[in-house]
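Trainee: Hi, have you got a few minutes to go through a model with me? I'd like to ask things as they come up.

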Amino acid sequence: MAYTDLREFIRALEEKGELKRIPFEVDPVLEITEFADRAVKRGGPALLFEKPKGSSVPVLINAFASMRRMGIALEVASVDEVARRISEFLEVRMPQGLIGKLKMLPKLAEMGSFFPREVSGGPCKEVIRRDGFSLYDFPILHCWPADGGRFITLPMVFSRNPDTGKRNCGMYRMQVYDQRTTGMHWQTHKQGAEHYRRMQALGRTTRMEVAVAIGADPAAMYSAILPLPPDLDEMMIAGFLRSKPVEMVKCETLDLEVPAQAEIVLEGYVELGELRREGPFGDHTGYYSLEDDYPVFHVQAVTRRRDAIYPATVVGKPPMEDYWMGYATERIFLPLLRLVLPELVDYHMPAEGVFHNLVFVSIRKRYPGQAFKVMHLLWGQGLMMLAKVLVVVDEDVDVQNPAEAWWAALNNIDPERDTIFTPGPADALDHASRLPCLGSKMGIDGTRKLPAEGFTRPWPARIEMSKEVREKVDRIWKELGIEGTKE
Ligand SMILES: Cc1cc2nc3c(=O)[nH]c(=O)nc-3n(C[C@H](O)[C@H](O)[C@H](O)COP(=O)(O)O)c2cc1C
Ligand SMILES: [Mn+2]
């Protein structure tokens, strides 16, 4: 059964021994970060700070910070199950004949359950404040010493595409400037920024309505980070993930809807053209992202649960919580990428590559130049456009193991022949690119080279022991009692 809200998820984490309550006072300024960082790096549990200093609202952190907890969040034993479900849906085609069509009915009914359902009220309206509120009521974290201030780090930011009327939900950090003003750090490649540009171009209004939900059922929260195509509603995907519609409720002061089960909702607007210094912020690259100008979010109303829980995350030197959220996304998108890349066997973005810096790709190579075709296609797919280094290897290489992927690729390249460089968009957080958001990409063809690619010498085989010898030694190995530290 789908979790109704954040607290049901918290209960599930606790029942499975995946949550630790911290009953004493801890300061949201720096101290919570130190707990969260140590916990995630040691594979520790999610943390619920019951007495954050200066607020009566508890802080939940690291709730998504392992594959186990991602599985609990999405109610699957392994997130690969989600990928399998997606594959099944992709195979759904209208079959011939009545019997075939009847067999389709349950699938179609299931599809109907993905769409968000509008409801007239919900727990996020238990308290409604149009004035007399302050963001400082909440235990918003100041994460790292040189950060520009406190940042809301796990918000679901809702806006509407003014041309199509479609809703978007993205996770963009928000720097708190004062009691009712924050930054709005939607980077230029993201949908929030696109909606903003379109509003400006239309010139119909001076304000863009924005609603921010903090804390909801875990599938809805997680959906905010999915790199979906524009105009594909994250809340519909959340409905798919939880096999139950997300209940959405109208905002009090905006023509936008938010999850009715949210913990906290900030209603407000971004004044078109108004920019303010944002940052610095200790970012998921492991470096401070530099100050830059971003739009400003003005909060005009706060609605919330009476006993709201404030979920947050801390990013920093990887791996941190966002690595696990991103890794789940990597797994879930595999079948979707295969739609446009049939030769794709697997891909992986290791933690040290911070998503966009390094992508390993294994393919079934069948024709000359195929590795380069794969690179160009990936650089043309949504946020994969930001991938800085792409390494393509053959199907027999396990890209989930970066050491193995590097080993194969480095053996197989003649660097000058097998690398390409191309200009393209760079991640907004890339501090090394020649210009903000513009840089170059490197593609490394680590596949075995074919005669048709001009490689006429024999290609050596990988070393492997014969099956008989392995089996023979298997039989006596245990008795010998030779146990190394690795198996
Ligand atoms: C913890 C966390 C914080 C994030 N912060 C930002 C941010 O400040 N700005 C941004 O543009 N993307 C940020 N992202 C990434 C976006 O949420 C992600 O790219 C998402 O796909 C954007 O949604 P959109 O495609 O609907 O715009 C963050 C992701 C996570 C997991
Ligand atoms: Mn989106």
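Trainee: Let's start with Ala-12: does Ala-12 count as buried or exposed, and why?
Mentor: Happy to help, and keep in mind that this is a predicted model. Ala-12 has 7% relative accessibility, so it counts as buried. You will find Ala-12 in helix α1, residues 6–15.

Trainee: And which residues is Ala-12 in contact with, leaving aside neighbours within four places in sequence?
Mentor: Those are Tyr-3 and Ile-72. There is also a C-alpha distance to look at: Ala-12 and Ala-73 are 61 residues apart along the chain, and their C-alpha atoms are separated by 8.8 Å.

Trainee: Okay, on to helices. What angle do the axes of α4 and α9 cross at?
Mentor: Roughly 30 degrees, and the axes come within 6 Å. Angles under 35 degrees count as roughly parallel, and α4 and α9 are therefore roughly parallel to each other. Their contact is made on the α4 side by Asp-80, Val-82, Ala-83, Ile-86, Ser-87 and Leu-90, and on the α9 side by Arg-331, Ile-332, Pro-335, Leu-336 and Leu-339.

Trainee: Is that crossing left-handed or right-handed?
Mentor: The crossing of α4 and α9 is right-handed.

Trainee: What about α4 and α5, how do they cross?
Mentor: Helix α4 covers residues 80–91 and helix α5 covers residues 98–112; their axes cross at roughly 120 degrees and come within 12 Å. That angle makes α4 oblique to α5. From α4, the contact uses Arg-85, Glu-88 and Phe-89, while α5 brings Lys-107, Glu-110 and Met-111. This crossing of α4 and α5 is left-handed.

Trainee: Back to α9 for a second. Where does α9 bend?
Mentor: At Leu-334, by about 45 degrees, and a proline, Pro-335, follows within four residues. Pro-335 is also one of the α9 residues in the contact with α4.

Trainee: How does the end-to-end distance of α9 agree with what its residues should span?
Mentor: It agrees: at 1.5 Å a residue, the 20 residues of α9 (residues 321–340) should span 28 Å, and the end C-alpha atoms are 29 Å apart.

Trainee: How many of the α9 residues are buried?
Mentor: 15 of its 20 residues are buried, so to speak of α9 as mostly covered is fair. Take Glu-330, which lies in α9. At 1% relative accessibility, Glu-330 counts as buried.

Trainee: What does Glu-330 touch, not counting residues up to four places away in sequence?
Mentor: Glu-330 touches Tyr-347, His-348, Met-349 and Gln-400.

Trainee: Now α13. How many of its residues are buried?
Mentor: The count is 0 among its 14 residues, and α13 is hardly covered. There is a bend in α13 too, of about 30 degrees at Asp-474. For the 14 residues of α13 (residues 467–480), 1.5 Å a residue gives an expected span of 20 Å, and the end C-alpha atoms are 20 Å apart, which agrees. Just after α13 comes Gly-481, with a positive phi of about 70 degrees.

Trainee: Which residues have a positive phi although they are not glycines?
Mentor: Glu-75 is one of them, at about 55 degrees, and Asp-231 is another, at about 70 degrees. Most residues other than glycine have a negative phi. Glu-75 lies in the loop between α3 and α4, and Asp-231 in the loop between α7 and α8.

Trainee: Are those two buried, exposed or partly exposed, and why?
Mentor: Glu-75 counts as partly exposed because its relative accessibility is 32%. Asp-231 counts as partly exposed at 25%.

Trainee: Switching again: which peptide bonds are cis?
Mentor: The bond from Gly-279 to Pro-280 is cis, with omega near -5 degrees. A cis bond also joins Pro-318 and Pro-319, where omega is about 0 degrees. Pro-280 lies in the loop between β14 and β15, and Pro-319 in the loop between β18 and α9.

Trainee: Last one: where is Met-171 found?
Mentor: Met-171 is in the loop between β8 (167–170) and β9 (174–178). Not counting residues up to four places away in sequence, Met-171 touches Thr-153, Leu-154, Pro-155, Met-221, Ala-224 and Ile-225. The C-alpha atoms of Met-171 and Thr-153 are separated by 8.1 Å, and the two residues are 18 residues apart along the chain.

Methods:
Residues are numbered from 1 along each chain as its sequence is written. Chains are lettered from A and ligands numbered from 1 in the order in which they are written. This is a predicted model: local features need pLDDT of at least 70, side-chain atom pairs count only at pLDDT 80 or more; totals for chains, interfaces and linings use all residues. Side-chain values use heavy atoms; hydrogens and water are left out. Helices (H or I, at least four residues) and strands (E, at least two) are DSSP runs, numbered from the N terminus. The expected span of a helix is 1.5 Å times one less than its number of residues. The bend at a residue is the angle between axes fitted to the seven residues ending there and the seven starting there. Buried means under 20% relative accessible area, exposed over 50%, partly exposed in between (1.4 Å probe, protein chains only). Axes are lines fitted to C-alpha atoms, for helices over the stretch in contact, and angles run from 0 to 180 degrees between N-to-C directions. Angles under 35 degrees count as roughly parallel, over 145 as roughly antiparallel, 65 to 115 as roughly perpendicular and the rest as oblique. A crossing is left-handed if the near helix is turned anticlockwise from the far one by less than a right angle, and right-handed if clockwise. Contact means heavy atoms within 4.5 Å.
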